[in-house]
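Me: Please take a close look at one part of this structure, a single residue and its surroundings, and then turn to the question of disulfides. I would like one connected account.

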Amino acid sequence: MSTSGGRPWTADLGDGTYRNPVLNADWSDPDVVRVGEDFYLTASSFGRVPGLPLLHSRDLVNWSLVGHALDRLEPAADFAVPRHDRGVWAPSLRHHAGRFWIFWGDPDHGIQQISAEDIRGPWTAPHLLKAGRGLIDACPLWDEETGEAYLVHAWAKSRSGIKNRLTGHRMSPDGRELLDEGKTLVDADTIPGWFTLEGPKLYRHDGEFWILAPAGGVTTGWQGAFRSRDFFGPYEERVVLAQGRTGVNGPHQGGWVRTAAGEDWFLHFQERGAYGRVVHLQPMRWDGGGWPVIGDAGEPVSAYPKPAVPRQPAEAPASSDSFPGGRYGRQWQWTANPRPGWTVEHAGDGLRLSCVRTAYAHDLRALPHVLVQRLPAETFTAEVEVRLGSEVAGAKAGLAVLGDAFSWIGLERSDGGGVRLVHRYAETVAEHERDAEHSRPAPEGRARLRIEVGAGARCRFHADTGDGTGFRPSGQVFAAEPWRWVGALLGLFATAPTGTGPAGTACFTGFRTTA
């Protein structure tokens, strides 16, 4: 089990109020469901593994990561290497007939679903419900009054040539078959000023079908609401949440949930560059015309009284990790489907990563065996100790900030047999890393590594090689860059040049993030 250490961000202010974001990390495209007194949330995971993170809360403010629903991505061969703009897009989480259900669109393969009796699993194998390219952002609905089931999805123009459109189907109650060819529910090309309509969430309320869907683009868009007496339309629309006079750009795409006490709330993301898509919680009510009013008269709130539920302890998803028993915590993911032997089990604490032989060690972005996690706050410090056990010349291991550009600091075995501290980086357009600082000896073969992340995701690197001089700064400030749809990541890695036979290991201990 991972340890939380000093929590870099707390949304719960301790006085009955909260501040946004309630999840100050890249939990992209969130959806939420309540079962009894518990709330559960999932989010996009794209090409990282395990996929489909599962978070739990009792008050919508304090969250913990309880697991993942997807052990591997299929087809496995497609995800043997990093695919940061593919995989799991905008999942929907529902509870029906005593089971949890997750539907999502893989833009290159189609709409898939899985289910489980318990949120912690086991989950069924993915079932391909609708094959095709460009099918994204799928959401089911089971109408409890009629027993009918439905599905709505959006389109990715990059794969299908179609966008700004929502398509609906009748679906079998077991969620395994679509019962018609599908029909356009909303064509936003016919709505003046609307573009990039996507991310639909489907609900039944007050005798009407509701689709809550964002438009206007990830960075500067708005949240729309559509309603109709008939599933297949026609739908009328309204903008129900937008930036307005606030500093919250593009407040949209998320899910509506009702508490046991009858309060309505809306969780959505805000795109924040290298930090990814952080999650905000907005109050929600209904106006006299039956339309939802989200936030403060349609604008995001920065702080607000917490939902009317029993008080909960302050909590956020763990980011620190002591690697007890040699195991890594739930916050870590691989950049592609993992393979046997990437980690080495042992009885003590500390994570032993195999120095995987590769011809691509010069570019961390191409490596499937980087263990990554989200940036846990806007400003924080990440620190870890690494010991390089490999005797292979050119073997290296370190701590990285990874995105379209990357920078890392760590250890490398030199041709002469000694170990040196190195700091390297690559710009977005570069295909090969280069030195960010002159190397220096690490005579004990170990170092304590530190990255200080400031506002704007500007990163300063430091290291202590145990030579008595303590932590020393290294290189210039590095501005973290996001991937195409994913925020920058913290990463641990170990590599060795191509060759035959095992290349040894690197051991990481005491990974800690602090405010």
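Reply: What follows looks at one serine and its surroundings, and then at the cysteines. The model is a predicted one, and each statement below should be read with that in mind.

Serine 57 belongs to strand 4, which covers residues 51-57. Its relative accessibility is 1%, and because the limit for calling a residue buried is under 20%, serine 57 counts as buried. Leaving aside residues up to four places away in sequence, serine 57 is in contact with Glu37, Asp38 and Phe39, and also with Asn62 and Trp63. As for leucine 41, which is 16 residues from serine 57 along the chain, the C-alpha atoms of these two residues are 8.4 Å apart.

The side chain of serine 57 also has polar partners in the backbone: one of its polar atoms lies 3.0 Å from the backbone nitrogen of aspartate 59, and the side chain reaches the backbone nitrogen of leucine 60 at 2.8 Å.

Turning to the cysteines, a search of the whole structure finds zero disulfides. For cysteine 355, the closest cysteine sulfur is that of cysteine 507, and because the two sulfurs are 11 Å apart, they are too far from each other for a bond, the cut-off for a disulfide being within 2.5 Å. Cysteine 355 counts as buried, at 4% relative accessibility, and cysteine 459 is likewise buried, with a relative accessible area of 1%.

Methods:
Residues are numbered from 1 along each chain as its sequence is written. This is a predicted model: local features need pLDDT of at least 70, side-chain atom pairs count only at pLDDT 80 or more; totals for chains, interfaces and linings use all residues. Side-chain values use heavy atoms; hydrogens and water are left out. Helices (H or I, at least four residues) and strands (E, at least two) are DSSP runs, numbered from the N terminus. Buried means under 20% relative accessible area, exposed over 50%, partly exposed in between (1.4 Å probe, protein chains only). Contact means heavy atoms within 4.5 Å. A polar contact is a pair of N or O atoms within 3.5 Å; within protein, one must be able to donate a hydrogen and the other to accept it, and residues adjacent in sequence count only if both atoms are side-chain atoms.
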